[in-house]
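The following paragraphs lead the reader through one molecular model, from individual side-chain contacts to the arrangement of strands. Please keep the sequence and the structure in view while reading.

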Amino acid sequence: MKYAAVFLFISLFGYALTVPIQQNAAQEAQVLRFDSDVQPEGYRFLVETSDGKLHQEEGQLKDVGTDHEAIVVRGSYSYIGDDGQTYTVNYIADENGFQPEGAHLPRI
C-alpha cells in the first residue's frame, strides 16, 4: 500500500511539473474527467481539463519481491500551446530514467 501512495504522489507531482503555467489566471480550467485506480502493485489515472489538457499514466511494479524491484511508468500528456497547436508527449520512466518522445522535442 505504501508503494501505491508513493506512485500517486509521484505521478501527480510529475503532472504539476509538466503543465505549462497559465498566463491569465482569470481563465480557470475545469476538470472534465478524472479517473483513478490505485492497486497494491500499480496505478492508473486520467485527467482531462476544459483548457485542452489531457494527462494519462499507468505505473506497475516490476520484479516484485526481488532485489531488482522497480516501477515502470508509461503515460502521455497533451496541451494547447500559445500558438494554438496541440503538443503531445509520450513517455516511459523506469530504471533507465525518464524517456519522453514528442514531435516537438529534439531527438538525441
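With which residue does Lys53 form a salt bridge? The partner is Asp51, and the closest N and O atoms of the two residues are 3.1 Å apart. The model is a predicted one, and every value given here is computed from it. Lys53 has a relative accessible area of 12% and is therefore buried, since the limit for that class is under 20%. Asp51, by contrast, is partly exposed, with a relative accessible area of 25%.

This contact belongs to a set of four salt bridges in the structure. Another member of the set joins the side chains of Arg44 and Glu58, with 3.5 Å from N to O. This pair links distant parts of the chain: Arg44 belongs to strand β2 (residues 42-49) and Glu58 to strand β3 (residues 54-62), the two being 14 residues apart. Glu58 is partly exposed, its relative accessible area being 37%.

Strand β3 also contributes to a further salt bridge, in which the side chains of Lys62 and Glu95 meet at 2.6 Å, N to O. Here too the pair links distant parts of the chain, for Lys62 lies in strand β3 whereas Glu95 lies in the loop between β5 (86-94) and β6 (97-101), 33 residues apart. Both partners are partly exposed: Lys62 has a relative accessible area of 32%, and Glu95 has a relative accessibility of 46%.

The loop between β5 and β6 also holds Asn96. At 61% relative accessibility, Asn96 counts as exposed, because that class begins over 50%. The C-alpha atom of Asn96 is separated by 9.6 Å from that of Val72, a residue 24 positions away along the chain.

The strands named so far belong to one arrangement. Six strands form an open sheet, in the order β1-β2-β3-β4-β5-β6, with antiparallel pairing. Strands β1 (31-39) and β6 stand at the edges; each has a single partner strand, so one side of each is left without a neighbour in the sheet. From one strand to the next, the twist averages 10°. In general, the strands of a sheet pair through backbone hydrogen bonds, in either a parallel or an antiparallel manner. Strand β4 (residues 70-80) pairs with β5 in the antiparallel sense over eight bridges. Within this region, Val73 has Ala93, in β5, as its bridge partner.

The aromatic side chains remain to be considered. Four aromatic pairs are counted in the structure. One of them consists of Tyr43 and Phe45, whose rings lie 6.4 Å from centre to centre with 10° between the planes, a stacked arrangement. Both residues are buried, Tyr43 at 5% relative accessibility and Phe45 with a relative accessible area of 3%.

Why is the pair of Tyr79 and Tyr87 classed as stacked? The ring centres are 5.6 Å apart and the planes stand at 25°, so the pair satisfies the requirement of planes under 30 degrees apart. Tyr79 counts as buried at 18% relative accessibility, and Tyr87 is likewise buried, with a relative accessible area of 16%. Finally, ring pairs link Tyr77, Tyr91 and Phe98 into a cluster.

How values were computed:
Residues are numbered from 1 along each chain as its sequence is written. This is a predicted model: local features need pLDDT of at least 70, side-chain atom pairs count only at pLDDT 80 or more; totals for chains, interfaces and linings use all residues. Side-chain values use heavy atoms; hydrogens and water are left out. Helices (H or I, at least four residues) and strands (E, at least two) are DSSP runs, numbered from the N terminus. Buried means under 20% relative accessible area, exposed over 50%, partly exposed in between (1.4 Å probe, protein chains only). Rings of Phe, Tyr and Trp (its six-membered ring) pair if their centres lie within 6.5 Å; planes under 30 degrees apart count as stacked, over 60 as edge-to-face and the rest as tilted. Two strands pair if DSSP finds at least two bridges between them. Axes are lines fitted to C-alpha atoms, for helices over the stretch in contact, and angles run from 0 to 180 degrees between N-to-C directions.
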